[in-house]
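Here is a short tour of a model with several chains. Keep the structure open as you read.

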Amino acid sequence: MKSASRDVLVIGSGISGISSALELAKAGITVHLVEKEVAVGGHSASFCCKATDVCVRCSACVVPEKIREAVLHPEIRLHTSSTVRKLAGKGGDFRVEIVHQPGPVDPEKCIACGLCTEVCPVDPKAIHAPPVEATPFTYVLDQGLCLRFKGEKCVLCRESCPTTAVEFERKAKAVELSVGAIIVATGFDVVDARERGSLGYGRYPNVMTGLDLERLFAREGRLILPCNGQPPRSVAFIQCVGSRDRRHGYCSHVCCKYAMKFGGLLKYQNPDTQVTIFYIDLQTAGKGFARFYEEYKDSIRFVRGVPVEISEAASGELEVKFEDISLTRVSRDRFDLVVLSVGIAPRKDAWDLAKVLGINMADDGFFAAAESNGSNEASVKGIFLAGTCQGPRDIPDAVDHGMAAASEVLQLLDRVGARPAGSWGY
Amino acid sequence: MSMKGTIVAFCCQHSGYPAADLAGKLGLGSPEALRIIRVPCAGRVDVIHMLRAFEKGASAVAVLGCEEGACHHITGNTRAKERVEQCSMLLKEIGIDGRRVVMFRLSPNAPRKFVDVTNEIEMAAESQGRQDDNR
Amino acid sequence: MEVRAGVFLCNCGGALKNIDFDAVASEMAGIPGVASVHVSSDLCLAPARDRMISCIREENLNRVVVAACSPELTEYPLRRTVQSAGLNGHMLSMANIREQCSWAHEGDVTGKAVELVKMAISRARLLQPVEEVEVGVERSVLVVGGGFAAVNVGLLLAAAGLRITLVESTGTSGSDGQELGSIHGFDIGSLVTAAERDQNIEVLTSARVVTVEGAIGDFTVTISREGKNMARKYGAIVLATGSRIELALATDSDSSAEYQGIGGTNVVSQDQLVERLSRPASGVKPATLAFMVDFADESTRFSTLATLGNALAVRKVWDSEVYVFCRDVKVDSQGAERLYREARDRGVVFVKCPAAPRITSDNGRVMVEAKDVLLGEDITVACDLLVAEAVLYPDPATAALGSVLGVRLDEKGFYQENNVHLYPVASERKGVFFVGTCRGQSDVGRVMNDISSVVINIKDLLSSGKIMVESERVKVDSEKCVACLTCIRVCPHAAIELRGTEGGKEKAVVSDLGCHACGICVAICPAKAIEFQDYRDDQILAQIEAVG
């Protein structure tokens, strides 16, 4: 029996959700791409290029292209500022209720002219351009800064808008969708670096996370210290912050690679900068990464040993206390800047979505695939998992995973084919 | 024929062109003398295109393509580099400073690099002096 | 035919204040070929687009020039708008006066805006229509390889109604599956049987792909089998040729001779270990066992995963002392870290070494000597059984097959995916895909995703039996072509072939289906015989002419 609807719901518009959506759209399926934020693209849309004089395959530049493709595809219906509230039915015949909570600026009307920002009376501006990679490029109103939302009578931005895109009171709207299958591609949260309180994130301005570094490079193109606007003389990367520990018993896949790529980029931009990487096991598997290590092992200091504490030295530098395993002793080194290579963790709101959809979560907090035979189906038939919401992966793996989930959805909708036979232990 | 001080930049749609857009969105300043011509790949740009720009009085010509190893068409940016070098030699033969034609490689999400590179080209062109009318 | 261009300027809500739109409009009006000039404030929104459609019809425009924001997001919808007005979508030329003009500079930029629009108009005059046509595609797929990935892909695609040919160079299918099966518990035998029985699948063993011509949807493949050649047509080709596993026995150049002197039953592969574990009663139980991993090959994951799984099995079945010698423990796979912890909890000792251990033999036992990073000293372990490191190499046929198909290899000789990060299973030639270990992918989870990904990629292309394609967007003028073969050799996507023409001579022909519209062939043709609509030489030169 064919499914009641051939439409598909994809929850989450990061690189994995977009990959799923595009493959299904190309098969002629109408895809409802639901995104919680105002802009699509997820985390990876804000990553920076890490090329030195050659491309290092960080995949950051691919994301905007895929986003553009998805946004322009006629079979993909975008629902931004929307979440899934209710689910009924079963695989092949789901009825989903989406709640669309529009923000003050309507993405279908905003032409990004910037006239609203010009007239906004507060500083910093309450209404302003979104991050440069945002698609759609819709202006955002920060309710925390806006006078109107603090009870005052300011309507300057609304008056100045040539397309009447600004409206302060917008009601949430419920949208009912009938879909044959669902793909969950809600992505990840970075581990909160404050979990390792002794590493000083939030206390010392020169301790930042890998994600902070991505955004800094994306904006500035080079690394400058937030405190004095100068390039750092010495940088330390601390691996496995929030990975392979008691709370997160897995490897996050991406951190050793991004630390090495950033390390290489820093050396390329400032050959005098000293770069140190503190690690447990260097994850150099995958194409080309082992070569990376060979290339950098003489210019970057790799120290096997995980730091336990960061404090501020009298000089203002950061002092890192660590166990140097190869010397079997505890040491202290000083750095201008420390980057915590934070891992990929399940989203804090994953539990809420799990309840709505009725899907199980695994012990590590990610969504659980029902079988261990390679299928990406969740514990509810007709719901499939794509991307980091199921477990850590890098961008190429997330694209592959998204396409694989779409493939299983297509099989379900066509009611043909079965999973390859066999299962394995892990 | 006017000596405009124009910089003609052939920007590939996978690298230079989107980087220029991002630079504009960020409000970063690039040279006003820049005239961007969009191409599907840096490998589409031919020496004759570069030379025609100089004939028209451009003070510099740039080809902006993808980072080495990242060309969507694999060899496009390499071929463009070779052609830029060929053009440079031809310019020298006719008495124009060969450094006025350059190739730069960047990724589409590198607006700062776009701005740095184009400003550098403008400054270099100014220091090389005004182009002699050599036709 | 007289050029009648409509110029549509957008002032972005009136916000592009450093451009004097009235001045721009009046300059445009005087240009030959410009039939009308319109100023709008929001061309990205529907009402303005509807007005554009009316203008095109009422004013009998045959070219549309739009000066507004970046074409990156607007060119595609504007082409559709132009089409709704009855014009071919390629009769559109755009000028970026927002991101690359008004937003990019301080001060008045009216002069620059005027030039940019003039450049777009000059190009517009030379635009020609490009038609989109529907072409039929072969609903058949050639899968090269007979192992786990190949058979799975074949079964899944056959279930979707496509006709599959599985070409395997050896006498039987499923050969690599034996090894994978024992490591991962898959039953490759039953998969092969299913494939052989499937009506939509033809299994050709002891067969080779000799030549491949044509393009996606329409490949002509010559397969050689038992001395005979057969020509077949396929819509897509999947390479799933697998890889070869070799034991890295020479872990250290000094000790290679001694290592080879040990042999017999003391040094085994993972496969052989699993075989012995399956019959624990026979033979002597090794009191001490060592695994080597991550020295000769740091880039594949399967040997670490196999080691972790088998180390646990050894502890359970034989209760031997187990040592794992490695550089780093590679755990970036699903479930790997959990396995690693379980192994340590069950007493497996992991020795991390900065360099490969020295292997010697002493009295029938294998001596493994290494620097233990955690202890900070050299240690020597006497083992009864050593499981040597397994290294993944490309299958020997990979390079030759790659060159027959016109696809590239990476630095290790595995197939190189399309720019690595664009599409994990696609090659740079449309319609040719790689799955599994032949592209270096070595853990089962990732291979399974490859299989599913390629299935949907191919279903997207072939299920409906038709593809929309731009007809003759890039075209070789056969009168000018001298058949020098330069374009054929240079095309990165293997989209150009030599074909006989009406005149009898063979000339280069660009496949509409396979072309990626990059223009590399256009620039390199010594006879300037190739025309690339929208980016023709005259169209590019016209833009340059309009500067200044």
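H5(C) and H17(C) are roughly antiparallel to each other (an angle over 145 degrees; under 35 counts as roughly parallel, 65 to 115 as roughly perpendicular, and the rest as oblique). Their angle is about 150°, and their axes lie 8 Å apart. Here H5 covers residues 110-125 of chain C, and H17 covers residues 537-545 of chain C. Axes are lines fitted to C-alpha atoms, for helices over the stretch in contact, and angles run from 0 to 180 degrees between N-to-C directions. Helices (H or I, at least four residues) and strands (E, at least two) are DSSP runs, numbered from the N terminus.

This is a predicted model: local features need pLDDT of at least 70, side-chain atom pairs count only at pLDDT 80 or more, and totals for chains, interfaces and linings use all residues. Residues are numbered from 1 along each chain as its sequence is written, while chains are lettered from A and ligands numbered from 1 in the order in which they are written.

**Two helix pairs**

Stay with the pair in chain C. H5(C) passes H17(C) in a right-handed crossing (the near helix is turned clockwise from the far one by less than a right angle; anticlockwise would be left-handed). Which residues of H5(C) meet H17(C)? They are Met119(C), Ser122(C) and Arg123(C). On the H17(C) side stand Gln539(C), Ala542(C), Gln543(C) and Glu545(C). Two residues are in contact if their C-beta atoms, placed from the backbone, lie within 7 Å. By class, this contact of H5(C) with H17(C) has 2 nonpolar, 3 polar and 2 charged residues. Ala, Val, Leu, Ile, Met, Phe, Trp, Tyr, Cys and Pro count as nonpolar, Asp, Glu, Lys and Arg as charged, and the others, Gly among them, as polar.

Now turn to chain A. The axes of helix H6 (residues 255-269) of chain A and H7(A) come within 11 Å and cross at roughly 40°. That makes H6(A) oblique to H7(A). The crossing of H6(A) and H7(A) is left-handed. H6(A) brings Lys257(A), Met260(A), Gly263(A) and Gly264(A) to the contact, and H7(A) brings Phe289(A), Phe292(A), Tyr293(A) and Tyr296(A). By class, the contact of H6(A) with H7(A) has 5 nonpolar, 2 polar and 1 charged.

**Buried residues**

Look at helix H2 (residues 62-72) of chain A. Its buried residues are Val62(A), Val63(A), Pro64(A), Lys66(A), Ile67(A) and Ala70(A). A residue is buried if 20 or more other C-beta atoms lie within 10 Å of its own, exposed if 12 or fewer, and partly exposed in between; C-beta atoms are placed from the backbone. The buried residues of H2(A) pack against helix H1 (15-26), strand S2 (31-34), strand S3 (76-79) and helix H9 (395-414) of chain A. They also pack against helix H1 (16-25) of chain B.

Val447(C) sits in helix H14 (residues 444-462) of chain C. Is Val447(C) buried or exposed? Val447(C) is buried, with 22 other C-beta atoms within 10 Å. Val447(C) touches Ala149(C), Gly436(C), Thr437(C) and Gln441(C), not counting residues up to four places away in sequence. Val435(C) is 12 residues apart from Val447(C) along the chain, and their C-alpha atoms are separated by 7.0 Å.

**Between chains**

Chain A gives 57 residues to its contact with chain C, and chain C gives 62 residues. On the chain A side, H1, H2, helix H7 (289-296) and H9 each give two or more residues. H9(A) gives the most, with 13 residues.

Chains A and B also meet: 14 residues of chain B are in contact with 14 residues of chain A. H1 and helix H4 (111-127) of chain B each give two or more residues to the chain B side. H1(B) gives the most, with 3 residues.

The classes on these two sides are as follows.

| Side | Nonpolar | Polar | Charged |
|---|---|---|---|
| Chain A touching chain C | 26 residues | 18 residues | 13 residues |
| Chain B touching chain A | 6 residues | 3 residues | 5 residues |

**Domains**

Domain bounds come from an automatic or database domain assignment. In chain A this gives domain 1 (8-101 + 172-188 + 346-414), domain 2 (115-160) and domain 3 (192-343). The C-alpha centres of domain 1 and domain 3 of chain A lie 31 Å apart. Their contact takes 12 residues from domain 1 of chain A and 18 residues from domain 3 of chain A.
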